[in-house]
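User: I would like to go through the assignments in this model and ask what each label rests on. Please set the values against the cut-offs as you answer.

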Amino acid sequence: MSVSSEQEETYLPPEPEPDQGALLNISQSPHGLYADPYYVCVHQLTSGPEMEAGHYIRLIVFPLLLLCGIVGNLLAFPVLYSIGRSAWSTVWYLMLLALTDLVILLVRCGDTWYSEVMEESLSAMITGSSDAACKTYTFAFMFIKHLSPWLLVAVAVEMTIASRWPRRTYVMCSLERARNVVMLLTILVVCLDINHFWTWSKPQPEVGCMYTEEFSQSFMAWYWPVLDNMTELFLPLVLVSACFFLTATAMIRRTAAEEKAVATEMSKYFLELPTLCDFRTICLVLCLVFMCLATFTATLNITDFLFMRGFFKLDCKAVDRFSNTITLLKTLDMTFTFAFYSFKIFLYLAMSKTFRARLHSGFFSALRGVRSGCCGGGFCRFWCGYDVCAECRPGRREWTPVPSTSAGGSGEEGLRPSSSNQGITEEELGDSFMNQANGRHPSEELTGGVASVKRLEGTTTIHAGNNVEQMERLDMDYIGTNV
């Protein structure tokens, strides 16, 4: 049957009767690029139990994952940065992964949940605000999405070096080399995604951000999905899997005597060798989880790619059931991926003693800093509910220096309890002894007469002053220096 050129623009394939059950020739799609079963069977698609289950998952589970991911990655970032500088450069990649995970959670998980609640997309609002926002936002998100798996590839490579060739770890796994690797990955990913600046735009004010390169529609329909999946899934999956099996076989075949000899030699170059061993195991677990998730995602994407391009000959009822199942599986895939981004901090806490110790010390140092800033800035009413900072901690005994009673005495100042608001408290006095026990140099002087711990002929003397805030600040500086 011949159709005129004017009719071809508005021609729609005839709707098949529901009772026919005939196989559809999905290649009739008017798009002319690839088959679209959703277009042909749009009148048949219904919302089944799969769609309802996916809706409740996105509505209830996603905000919990988002909250956990924000808190966990923000807490893990400074601790991983500290460990990466002092223990093992591979932890520096994990620090960057915490940043990329946080951005992906905010953009994808947060936007998906917002769309379920408000029935509008924040990303669509941002990209539709202007042509510059459309190009920049699309490029930035694709850049971070493609960079994230390659950071895990870098982690897997250094994990393999530390396990299979441990004597080369000191040379090959350095912080300078890690920075160079990140720079190289950044340049390569930018070259891959730079096309978004001229292929995506907002052509008209009433139209949203869309792909507008009319001379390369086949690239967007066929080649870009393949290139996107190769960059984000297939190549990282192959490389991480290879590194995982090399590492696992090396760790299994090594005897206890060989492990002890290697540890003895590596202890000459690494001051925190137990931390390196802990994070080597953490990296192994992360690679295993990534392999499972990437395999599931790759299988799902290949199935959806073939289905959308007409490789499956299905009737409309089968298309309805199949499309609902694919939608539910995509929701589950997003849930597992977001959980992987959010729950890494629990793996760090469970398997690394150093991470727990530094997170603990950093948290309480920050808490003391908040309290010190509260009293120093006059925010006692907000923080403690009192007008006078000395009343922030009611019911606690305070101490003031008592001068020596005789000129021929030992020359030491005594400490006696006093009801005055000046001086230091019992807890702050205990902190001074704890700082000395934790390695503070005995001859360290704290300016301003705050507190000084001296060891004079086997006698420990403590001079207490009235500048409590300065002593707490110096304690925090000491903890931060040792961290």
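User: How many salt bridges does a search of the whole structure find?

Analyst: The search finds seven salt bridges, a salt bridge being a side-chain nitrogen of Lys or Arg within 4 Å of a carboxyl oxygen of Asp or Glu. This is a predicted model, in which local features need pLDDT of at least 70 and side-chain atom pairs count only at pLDDT 80 or more, while totals for chains, interfaces and linings use all residues. Residues are numbered from 1 along each chain as its sequence is written, and side-chain values use heavy atoms, with hydrogens and water left out.

User: What makes glutamate 116 and arginine 58 a salt bridge?

Analyst: Their side chains meet at 2.6 Å, N to O, and the pair therefore satisfies the limit of within 4 Å. Glutamate 116 lies in helix 4 (residues 90–118) and arginine 58 in helix 3 (residues 49–86), so the pair ties together parts that are 58 residues apart in sequence; helices here are DSSP runs of H or I with at least four residues, numbered from the N terminus.

User: Why is arginine 58 called buried?

Analyst: Its relative accessibility is 15%, and buried means under 20% relative accessible area (exposed is over 50%, partly exposed in between, with a 1.4 Å probe and protein chains only), so arginine 58 counts as buried.

User: Why is glutamate 259 buried or partly exposed?

Analyst: Glutamate 259 has a relative accessible area of 30%, so it is partly exposed. Arginine 254, with which glutamate 259 forms a salt bridge, is buried because its relative accessible area is 16%.

Definitions and conventions: Helix = DSSP H or I, 4+ residues; strand = E, 2+ residues; numbered from the N terminus.
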